[in-house]
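Here's a quick briefing to read with the structure open in your viewer. Take a look at the model below, then work through the notes by topic.

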Amino acid sequence: MSRRHYDAVDHVRGTSQYIDDVPPPVGTLYATVVGSPQAKGSIRAIETAEARALPGVHAILRARDIPGQNQIGALLPDEELLASTEVAYIGHPVAVVVAESQELARRAAALVQVQVDPEPPIVDPREAFERGELIAPARTFACGDIDQGFSKADVVLRGTCEIAGQEHLYLETQRARAVPQEGGAIRVASSTQSPYAVQKAVARVLGLPNHRVEVDVRRLGGGFGGKEDQATAWACVAALAAHQLDRPVQIVLHRLEDLQMTGKRHPYSADYEIGLSSDGTILAYRAVLYQNSGARADLSTAVLERSLFHATNAYRVPNVQVTAACCRTNLQPHTAFRGFGGPQGMFVIEAALAHASDHLGIPRHVIQRRNLIREGDVTPYGQPMVRARGERCFDELAEAFDLEGMVSSVKAHNDQRGPTRRGLAVMPICFGISFTKTFLNQAGALLHVYGDGSVGLSTGGVEMGQGVNSKLRDIASQALGIRGERVRLESTNTTRVANMSPSAASATTDLNGNATLEAVRQVRGRLLALAAERLGAEVSRVDLIDEVVTLDGSPTDWSWTRLVSEAYFARVDLSAHGFYATPDLNFDTNTETGNPFAYHVWGASVFVAEVDVRRGTYTFEPICVVHDLGRSINPVVDIGQIEGGLAQGIGWMTLEELAYDDQGRLLSRALSTYKAPDGDFMPEVRARLIEDDNPGMPYGSKAVGEPPLMYGIGAYFALREAVRAFNPTARLPFHAPMTPERVLMGLYETEDPEDR
Ligand code: MTE
Ligand code: HPA
Ligand code: MOS
């Protein structure tokens, strides 16, 4: 279909408008949040006199200034907007300074002294678990007979993994602007993936009904999950200040504030136990996942659930028992991040397979291939796999990119014993599409056809760079039978689409595209009925193709604009609201079984890493991918998502190292100490696409936003292989990321067999 990201030209010219590109209304004030200096403790005093004395400071707001409920928890009511008595992480918001300029607000905030009676913080999820600090009861997904599975195994291997979190690093930091409206209402512009979540939280904090809060989102400078729930607090801060002072208020986090105060991808610690037959067939898999949830629930319980769903990745495992727990620690509340817990669940079984490969002497990719899910297999959560494409993706990868040739050339390279070693790893993926909370799988769209034939489309989809607006425009114009240029995507606004789900779970185009198709069906039906009437023909004989009404397939002199204009004068309703709810989804949390996903996305990738054995630095050969894309609505956008997801996944597994000290202080709190991959680091991506029809989704398309991130796990295991090619007994615990420092240590440190 289309080959454009419609925002590209404005982005390149710098004319796209983000929140603070829109000139602030007269009288706008600026807010900054004061965070806790301690990771845990009770607030003894907040000294504000010095800050208040600065000319131009209008207010310093605290928990007691909140007119409604001081509560913004999305899934569990455990999160105050402003800490009232207890603080639970460094940076925990305790007060809001409102001043005439952002600079002044920050200067004043620095003068506010928050005195906390400190208590020893918990930073390690296992310690939290032992002390019973759980956000919700642990959950277990199981199938088969785990003990019998292990008893039949020829080898049983056990180990642990430590998986670090990840900073979202959206280019646009968290921000919002709130403008008081007549009648005590408020209008909030927010950089959020979830306008409805912001609407509900602002209403709750201000003590207003939802209809007095309007939330508008033009676009985000990246979200990546970091604004699914965590944009809410900042919007509430702006709304609280605006409401109390009756002035427009804006808050824009400085990058350093954003790094310090916002949650990240959850770090996980895990134990695994895998039982295999001597030929590498997996017979049993047991794992315990300790999620480091941070101090508040945020989306942790949903993220944990997705870790459970993806704990066996693309593999058929007859006997499974995976237990997972949200462990409360004194770090920032961790949150959604591309993959939403799936990547952490997958890493653990990939580590177990690496362990099995070391032990059995069977190449890892051979074990992976042998155990892929087949058509009709049932997942540990009871969903039968239909249109399973794991084997097909793997085999096409092996054939198209000559996997065996790659394996031998890696070996030949290493046999030269030069200054570098190479390692190869295959990474298959299987990712479920749908919100795992079934009720969230709904969407609305509001379509207006104006009298001149131009079209305005509002949906619950939020544009965050992923191209959803381009795809929705393509869907609407194709379905209407008109040129894309005629369709404008309006901002995402809670007054035009009510009760919208977050733009997340990779499902935004699926859900909002189907709602759009439903709205188009209604308006188009009315237009075609009118055309049929005017042409004196049965409606089944008329159609609208390339902006022309056709009769029995031949063009008539009724153009799109003539028909629309005629319809207007004939008093035909040219607007429609479409609604979509994904059919046949269910999940029972008592039995932990059901059909939570509309479908799965499959793929396979192969990585070759090259390690410099003197420095520990590394590069990657072009990454080869076979990806199950469905029928692409917009190939440019979709390939961009594959490349971007890969970049983020590789970064997570290699360079990006979040470090905390034992007091819960983020050490990597600037971009000088947190390294994300850049254009020079990123290898080329060679993607082959499987473009089969995906029934029920817009034009047979498939979700693409998150799945490619998980290919990045291959980077870790390719590096591990490269290190082991140099030092076969390298001490290489399954700690991610595989930074150059870890590689260097691995090259020269030898494993103590007791380590694992
Ligand atoms: N791509 C860009 N450029 N910016 C983003 O913020 N977010 C990712 C992914 N790709 C993101 C992105 C995440 S976490 C998700 S869930 C999906 O896009 C959300 O959009 P979709 O549902 O339209 O795929
Ligand atoms: N993915 C992303 N976001 C979500 C989900 C999910 O499965 N469930 C609730 N929020
Ligand atoms: Mo994406 S983590 O579902 O916003």
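**Briefing: domains, interface and a few local oddities**

In this predicted model, 20 residues of domain 2 are in contact with 22 residues of domain 3. That interface gets most of the attention here, followed by the overall build and some local spots worth a click.

**How the chain is divided**

- The domain assignment splits the chain into domain 1 (8–120 + 168–261), domain 2 (268–436 + 589–755) and domain 3 (442–581).
- If you want a distance for orientation, the centres of domain 2 and domain 3 sit 40 Å apart, going by C-alpha atoms.

**Where domain 2 meets domain 3**

- Putting domain 2 and domain 3 together buries about 1500 Å², and carbon and sulfur atoms account for 61% of that area.
- How many salt bridges does the rule find across the interface of domain 2 and domain 3? There is one.
- A salt bridge to pull up in your viewer is Asp 638 with Lys 471, whose closest N and O atoms are 2.9 Å apart.
- The rule also picks out six residue pairs in polar contact across this interface, with both residues at pLDDT 80 or more.
- On the domain 2 side that touches domain 3, helix α17 (residues 635–653) is the top contributor, giving three residues.
- That side of domain 2 breaks down into 11 nonpolar, five polar and four charged residues.

**Overall build**

- In secondary structure terms, the chain has 19 helices and 31 strands.
- The chain's radius of gyration is 27 Å, close to the 27 Å from the globule rule for 756 residues, so the chain is as compact as a globular protein of that length.
- For a sense of the box you'd need, the C-alpha atoms fill roughly 80 × 75 × 50 Å along the principal axes.

**Salt bridges in the whole structure**

- Count them over the whole structure and you get 52 salt bridges.
- One to look at is Asp 271 with Arg 126, where the side chains meet at 2.9 Å, N to O.
- This pair ties together distant parts of the chain, 145 residues apart: Asp 271 is in strand β13 (residues 268–276), while Arg 126 is in helix α4 (residues 125–130).

**Backbone spots to check**

- As background, most peptide bonds are trans, and most residues other than glycine have a negative phi.
- Ala 736 and Pro 737 are joined by a cis peptide bond, with omega at about 5°.
- Pro 737 is in the loop between β31 (734–736) and α19 (740–748).
- Asp 246 isn't a glycine, yet it has a positive phi of about 55°.
- You'll find Asp 246 in the loop that runs between α7 (232–245) and β12 (249–252).

Terms used: Residues are numbered from 1 along each chain as its sequence is written. Chains are lettered from A and ligands numbered from 1 in the order in which they are written. This is a predicted model: local features need pLDDT of at least 70, side-chain atom pairs count only at pLDDT 80 or more; totals for chains, interfaces and linings use all residues. Side-chain values use heavy atoms; hydrogens and water are left out. Domain bounds come from an automatic or database domain assignment. Contact means heavy atoms within 4.5 Å. Buried area is the accessible area (1.4 Å probe) that two parts lose on being put together, summed over both. A salt bridge is a side-chain nitrogen of Lys or Arg within 4 Å of a carboxyl oxygen of Asp or Glu. A polar contact is a pair of N or O atoms within 3.5 Å; within protein, one must be able to donate a hydrogen and the other to accept it, and residues adjacent in sequence count only if both atoms are side-chain atoms. Helices (H or I, at least four residues) and strands (E, at least two) are DSSP runs, numbered from the N terminus. Ala, Val, Leu, Ile, Met, Phe, Trp, Tyr, Cys and Pro count as nonpolar, Asp, Glu, Lys and Arg as charged, and the others, Gly among them, as polar. The radius of gyration is taken over C-alpha atoms; the globule rule is 2.2 Å times the number of residues to the power 0.38.
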